[in-house]
Amino acid sequence: MPQTIDTLVRARWIIPVVPAQKVYENCALAIDAGKIIALLPAAEAAARFRPRREVELQRHALIPGLINTHNHAAMTLLRGFADDRPLMQWLEQHIWPAEQKWVSQEFAADGSRLAVAEMLRAGTTTFSDQYFFPEATALVAREAGMRAQIAFPVIDFPTPWSRNGDDAVQKGLALRDDYRAHERIDVVFAPHAPYTVGDATLEKIAVYAAEAQVPVQMHLHETAGEVERALTETGERPTERLQRLGLLGPQTLCVHMTAVNERDFELLQQSGAHVAHCPKSNLKLASGFCPVARLLAAGVNVALGTDGAASNNSLDLFAEANTAALLAKAVSGDAAALPAHQALAMATINGARALGIDNVTGSLETGKSADLTAVDLGGVEQQPLHDPISQLIYTGGGHNVSDVWVAGKQLLKNRELLTLNEAEVIQRAQQWRARIAGQSR
């Protein structure tokens with residue numbers, strides 16, 4: 001007798017990511033109680049299961065939901081605000097002053113809703129976020145149904161959210177307590193950068209993180225100038241400093257890593273630390289090039305992040321994967337570097353590993369959460385289709401995403417957001433633009 005289940009999704013192609021490079025044609029994914037219980041031929045699924053809901057995706061690729069390992073969600077409200085400037089000028093003369101003036105609980109909530117809407121429409125089901133008022137972003141992610149790692153920012157000087165590093169740590173730990181039992185929201189440490197956090201604060205975070213086995217995320221080696229400044233002031237490279245302080249380990253996510261020498265490669269390999277590669281932001285700010293192909297060859301786990309929309313300027317992880325693949329070829333001088341299947345892995349299972357949730361999501365394996373993205377490959381731009389994985393990375397984009405599920409719950413259907421009011425999200429963003437434009441001249 002057929003087994004009753006919640007949902008059966010039939011697709012032209014199913015790309016599980018694990019095992020690598022595997023593509024199943026005309027198969028189905030069986031989902032029950034929010035989890036994947038089987039991936040099997042469509043005819044066999046029809047005989048074995050009686051679904052309460054059936055979904056037909058006759059021209060689609062069904063893939064794991066994308067995982068954005070580094071974002072500043074609320075900064076969507078500063079998209080296009082201060083373009084075409086180098087990193088430190090962009091930060092010190094434009095972004096930081098604007099944040100001091102405008103960032104609030106309301107700003108964080110409205111910006112995060114805009115970011116979540118954009119990410120869902122581009123196929124992202126999980127994101128890691130580092131920004132002020134992390135409690136607002138956590139609430140938005142919870143209400144929208146997304147999976148999120150909330151990396152609360154720790155900075156030693158006053159910010160719109162905290163008085164100093166100690167205050168940020170205490171607020172962040174309290175937020176972590178609030179979400180300790182939540183199945184989709186995790187709260188972790190995010191010391192901002194080597195130049196904004198001192199040794200005393202980093203040592204304190206290292207102790208807390210080790211005791212509670214909490215991940216740590218940090219901007220690191222974002223530019224050659226950052227590394228040179230550290231060497232001048234301390235005689236240590238930032239990776240060496242983190243290693244000395246006990247903060248470089250398998251729970252550490254190093255964001256950017258554009259200035260990497262042989263010692264850095266050695267430390268990353270030995271420590272088991274992960275790298276979040278943000279190619280579009282790095283290119284736009286002329287921050288440098290992460291040596292992705294060499295890192296992957298060395299066994300370092302490299303995932304993808306968009307960074308914030310103020311420096312990208314989109315949160316489309318397909319565009320990020322495309323840029324990463326092309327840039328890796330140019331940087332390495334090898335056209336075979338970072339092939340399409342590896343770029344897709346960076347946007348899915350590698351991201352799950354970097355966030356410590358690869359037992360939950362990142363691939364379409366039995367027992368994992370049903371975090372799914374359906375991509376329409378039937379358009380003229382994708383024809384003829386010789387290789388669906390190649391098409392996803394080299395011709396696709398977030399605009400081809402039709403449907404998204406997190407833990408078996410559909411959040412996007414035929415490009416319509418089901419848990420957010422799109423018109424209201426846009427209206428609030430436009431109100432912020434008018435407010436900032438009217439008082440920032």
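**Entry 1: Asp-307**

I began with the contacts of Asp-307 in this model, which is predicted. Not counting residues up to four places away in sequence, I found that Asp-307 touches His-70, Asn-71, His-72, His-256, Cys-278, Ser-281 and Leu-315. I then looked up where Asp-307 sits along the chain: the residue belongs to the loop between strand S12 (302-304) and helix H12 (317-332). Is Asp-307 buried or exposed? Its relative accessible area is 5%, and the cut-off for buried is under 20%, so I recorded Asp-307 as buried. I also noted a polar contact of 3.1 Å between the side chains of Asp-307 and His-72.

**Entry 2: His-72**

I turned next to the partner in that polar contact. His-72 is placed in the loop that runs between strand S5 (66-71) and helix H2 (87-102). Its relative accessibility is 9%, so I entered His-72 as buried too. Leaving aside residues up to four places away in sequence, I listed Asp-129, Gln-130, Tyr-131, His-219, Asp-307 and Gly-308 as the residues that His-72 touches. Which side chain does His-72 join through a polar contact of 3.2 Å? I found that it is the side chain of His-70.

**Entry 3: The annotated binding site**

I consulted the UniProt record, an unreviewed entry, and found that its annotation "binding site" covers His-70, His-72, His-219 and Asp-307. These residues are spread over 238 residues of sequence, yet they cluster in space, with a largest C-alpha distance of 12.0 Å. Which of them help to line the largest cavity? I noted His-72, His-219 and Asp-307 in that lining.

The same UniProt entry, again unreviewed, lists residues 62-410 for "domain: Amidohydrolase-related". For residues 62-410 I recorded 43% helix and 17% strand, and the C-alpha atoms at the two ends are 14 Å apart.

**Entry 4: Two domains**

I then looked up the domain assignment of the chain, which gives domain 1 (3-64 + 370-407) and domain 2 (66-355). The centres of domain 1 and domain 2, taken over C-alpha atoms, are separated by 30 Å. How many residues of each domain are in contact with the other? I wrote down 22 residues of domain 1 and 27 residues of domain 2.

**Entry 5: The nonpolar cores**

I found that the largest nonpolar core has 128 residues. Trp-90, Phe-107, Val-116, Leu-338 and Leu-392 are those with the most contacts inside this core. Helix H3 (residues 105-121) gives the most to the core, with 9 residues. Why does this core lie between domain 1 and domain 2? I concluded that it does so because both domains give residues to it.

I followed Leu-392 further. Not counting residues up to four places away in sequence, Leu-392 touches Ile-15, Ala-61, Ile-63, Phe-318, Leu-344, Val-375 and Leu-377. Apart from the largest core I recorded another, of 15 residues, including Val-9, Ile-14, Cys-27 and Ile-31.

**Entry 6: Arg-176**

Finally, I looked up Arg-176, which is found in helix H5 (residues 165-178). Its relative accessible area is 16%, which means that Arg-176 counts as buried, since the limit is under 20%. I noted that Arg-176 touches Asp-186, Val-187, Ala-212 and Val-214, with residues up to four places away in sequence not counted.

Note on methods
Residues are numbered from 1 along each chain as its sequence is written. This is a predicted model: local features need pLDDT of at least 70, side-chain atom pairs count only at pLDDT 80 or more; totals for chains, interfaces and linings use all residues. Side-chain values use heavy atoms; hydrogens and water are left out. A nonpolar core is a set of buried Ala, Val, Leu, Ile, Met, Phe, Trp, Tyr and Cys residues joined through side-chain atoms within 4.5 Å. Buried means under 20% relative accessible area, exposed over 50%, partly exposed in between (1.4 Å probe, protein chains only). Helices (H or I, at least four residues) and strands (E, at least two) are DSSP runs, numbered from the N terminus. Domain bounds come from an automatic or database domain assignment. Contact means heavy atoms within 4.5 Å. UniProt positions are given in the numbering used here, feature names are shortened, and annotations may be inferred rather than shown by experiment. On a 1 Å grid over the protein atoms alone, a cavity is a set of points where a 1.4 Å probe fits but cannot get out, and a pocket is an open set with protein on both sides within 12 Å along at least five of seven lines; lining residues have an atom within 4 Å of a point. A polar contact is a pair of N or O atoms within 3.5 Å; within protein, one must be able to donate a hydrogen and the other to accept it, and residues adjacent in sequence count only if both atoms are side-chain atoms.
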